[in-house]
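The following note collects points for a colleague who wishes to examine the structure residue by residue. Each point may be checked against the coordinates.

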Amino acid sequence: MDSMKFSFTTLIIFFLTQAGAQNAANIVLNLQKNMIFPQMQAEIALQVERPGFNKNMEMKVWTKGTDYAMTLITSPEKEKGQVFLKSGSELYNYLPGVNKTIKLPATMLGQSFLGTDISNEAMMQPGELLNNYTASLSGTETAGGLPCWKITLTPKENTAVVWGKMELLIDKKHFMQMKTVFYDEDMDAVSTLTGSKPITVAGRTILSRYEMTPVGKKSQRTVMVYKSINPGVKLDAAFFSRDNMKNVR
Amino acid sequence: MLLTLAWRNLWRNKRRTLITAASVFFAVILSTLMQSMQRGTYAVMIRNVVQYYTGYIQIQHSRYQQEPVPDNSLEDNDALQKTLINTDGITAIVPRIENFALVSVADFTKGALIVGTDPAGENKLTGLGLKVTEGKYFDADSGQVLVAEGLAKGLRCRTGDSLIILGQGYMASSSNGIYRIGGIIKFGNPELNNRMVYMPVKTAQQLFSLSGRYTSVALGVKDPSKTQSIADGIAGKLHNTETAVRTWWQLLPELKESIDADKVAGGIMLGVLYLIISFGIFGTVLMMLAERRHEFGVMVAIGTKRIKLALMVFLEILNITLIGSVAGMVAAIPVIYYFHVNPIPLQGRMAESSINMGFEPILQTSLNPVIFINNGVAVFLLAMIVSVYPVYKLLKFNTIQALKS
């Protein structure tokens, strides 16, 4: 009788945890489904805030799924014309001043994108989260006035990733990424990404403003605002080629 | 009288005297060699990092050590320059710009430490010009770069190729440029050899939008043992809280710690060596006395005072150890000089671990005169302490038994 009770309880716990994992993975899938367009063209404004000065940048971005992204810097003058290309797991940087394209080493993925608080990886269309991370549901919380799922992403074994763990708050209705806390390998919080200002694009409700704040650095942050998003563009794989980096306008 | 007697006694049995003196002689050479090898190894470590790169003192922005980024750079100012020029004991003043960046040649990209520096001053401080193995040393106005050998190998490039540098400049600016490789330089320290790129300071200021600024000023000093007092002197004259004066052991605390830890271990080894040496000398002295038991017995029997006898033997031992340790000190000089000029190359796993720690895999002796004198004096004192026992025995021995022996 006792053993039966025991096995029944374990069975329930087993199903509950399985259901939880399933649920968490589904939430992350829904988040990506909502956030990532099959293809799109967008205009983004970046403001880097530092003690003593601010720096403003503008750029055009083209993406195709999670595999391809092209970013053209349009302002300021010093960086104007620089192009970044993400193709699969490779990252290239075209420098108009010397008319050369450099393949950036994988170690650069976690490094700052043009002096901002945003990493190259985060800027250049992060890939499928679930390929490298395991999702688990760790509760519910409110962010930006919306009830959210709290999802913890921990890296799978033997994957080379930038973060030790990520904590995401994803709103329950539209699956928007309201808040993300990034942790390093020592499980110390490194930076916080906060999303706001939902807009509706092609029937989807997405966030148009993100703010990346590094932990422990006074008056320092980077604000990223989507000025326009056009999911109606047609982009083929050839668009995302090294050769095309010199031509995009 | 006693001294003459002691001196004559020494040469009555030359072989015995020479054997005893030789035991002191070799003890001095051995302990000097050991300590000088140890000190020499530290000197190699310090030279590899301090003299070949860091400099003995650096002036930096107070936040630079925690966060070495261009934003934490110093503005070039007259007050600082005047202070440095008017400080005694400084041999070189080298303003530098240091910044990590990506370097790329054709399809190869690597991380590198870009150092913008004054070619003449740098050569004076670190002897950079001597490390050029291909091409030419650079001019302040050439706009050319020098690439370390290991990095050049990784990038598959050589003199005359174009190097693209891509990095982060002052105030979140993006920096990139293309430069002709004017030469290849070779460092003994693999860490430097795999990541250094040198360029004129003006070129680096342009590249990283740092005109009129430096990330550090590296100083060479005439006498490394005065590093601390020179640093204190400069710090006392600068009243700017944004400027920090740092000595090499503040810049490289790990190096200082590992040397200190090793010094303790070396001290224990030296202690053991001294112990072995002491027993060696003790044995030899004891033998000498045993051989002369009969003689001492006769002397006491015909009326020599024991205290005078003891004093005479003490003077004999004093003379022997003096001869031994002075000869040892003198003879150690060529031996240690030889290993200073021809350092012993380390082999196998020792060499590997040395390279991994960033040092040249060699055992080199130090020529510091203090080591010769210290060890000569130490062995001399040991011999004197050891000879207390036989002298004490002389005051006590049984005359009848000695006469019968």
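1. A:Leu114 lies in the loop that runs between β6 (100-104) and α2 (120-123) of chain A. The model is a predicted one, and in it the phi angle of A:Leu114 is near 45 degrees, a positive value in a residue other than glycine. Is A:Leu114 buried or exposed? Its relative accessibility is 6%, and A:Leu114 therefore counts as buried, the cut-off being under 20%.

2. A positive phi also occurs at A:Phe175, about 55 degrees, although this residue is not a glycine. A:Phe175 is placed in the loop between β9 (165-171) and β10 (177-183) of chain A.

3. Another backbone feature of chain A deserves inspection. The peptide bond joining A:Ser75 and A:Pro76 is cis, with omega about 5 degrees. A:Pro76 belongs to the loop between β3 (68-75) and β4 (83-87) of chain A.

4. As to chain A overall, its secondary structure comes to three helices and 13 strands. Of its 249 residues, 45% count as buried. The area exposed by chain A is about 12,700 Å², of which carbon and sulfur atoms supply 54%. Among contacts in chain A with a separation of 6 or more, 46% are accounted for by residues 24 or more positions apart.

5. A:Arg221 is located in strand β13 (residues 221-230) of chain A. With a relative accessible area of 24%, A:Arg221 is partly exposed. Which residues does A:Arg221 touch, not counting residues up to four places away in sequence? They are A:Gln47, A:Val48, A:Glu49, A:Arg50, A:Asp117, A:Glu211, A:Met212, A:Thr213 and A:Pro214. Between A:Arg221 and A:Ala143, 78 residues apart in sequence, the C-alpha to C-alpha distance is 19 Å.

6. In chain B, helix α2 (residues 14-54) has 41 residues, and its end C-alpha atoms are 56 Å apart. At 1.5 Å a residue a span of 60 Å should result, so the two values agree. Where is the kink in α2(B) centred? It is centred on B:Arg47 and amounts to about 40 degrees. Just after α2(B), B:Gly55 adopts a positive phi of about 85 degrees.

7. Helix α12 (residues 306-341) of chain B, with 36 residues, reaches 52 Å from its first C-alpha to its last, close to the 52 Å expected at 1.5 Å a residue. A bend of about 25 degrees is found in α12(B) at B:Ala332, and the proline B:Pro334 follows within four residues.

8. B:Gln364 sits in the loop between β14 (362-363) and α14 of chain B. At 9% relative accessibility B:Gln364 counts as buried. Leaving out residues up to four places away in sequence, B:Gln364 touches B:Ser36, B:Met37, B:Gly40, B:Thr41, B:Val44, B:Arg47, B:Phe339, B:His340 and B:Pro343. One of these, B:Arg47, is the residue on which the kink in α2(B) is centred. The C-alpha atoms of B:Gln364 and B:Leu219 are 25 Å apart, with their positions 145 residues apart along the chain.

9. How do helix α14 (residues 369-386) and helix α15 (residues 388-396) of chain B lie, and at what angle do their axes cross? The axes come within 4 Å and cross at roughly 25 degrees. α14(B) and α15(B) are therefore roughly parallel to each other, since angles under 35 degrees count as such. In this pairing, B:Met384, B:Ile385 and B:Val386 of α14(B) meet B:Val388, B:Tyr389 and B:Pro390 of α15(B).

10. B:Tyr274 is part of helix α10 (residues 253-291) of chain B. A relative accessible area of 17% makes B:Tyr274 buried. Apart from neighbours within four places in sequence, its contacts are B:Ser31, B:Asn375, B:Ala378, B:Val379 and B:Leu382. B:Tyr274 and B:Asn13, 261 residues apart along the chain, have C-alpha atoms separated by 27 Å.

11. B:Val245 occupies strand β12 (residues 243-247) of chain B. It is buried, with a relative accessible area of 17%. Setting aside neighbours within four places in sequence, B:Val245 is in contact with B:Ile57, B:Gln58, B:Ile59, B:Ala231, B:Ile234, B:Ala235, B:Leu238 and B:Gln250. The C-alpha atoms of B:Val245 and B:Asn176, 69 residues apart along the chain, are separated by 31 Å.

Definitions and conventions. Residues numbered from 1 in each chain as written. Chains lettered and ligands numbered in written order. Predicted model: local features only at pLDDT ≥ 70, side-chain atom pairs only at ≥ 80, totals over all residues. Heavy atoms only, no water. Helix = DSSP H or I, 4+ residues; strand = E, 2+ residues; numbered from the N terminus. Expected span 1.5 Å × (residues − 1). Bend = angle between axes of the 7 residues up to and from the residue. Buried < 20%, exposed > 50% of the residue type's maximum accessible area, 1.4 Å probe, protein only. Contact = heavy atoms within 4.5 Å. Areas by Shrake-Rupley, 256 points an atom, 1.4 Å probe, with all protein chains shown as cover. Axes fitted to C-alpha atoms, helices over the stretch in contact; angles between N-to-C directions. Parallel < 35°, antiparallel > 145°, perpendicular 65-115°, else oblique.
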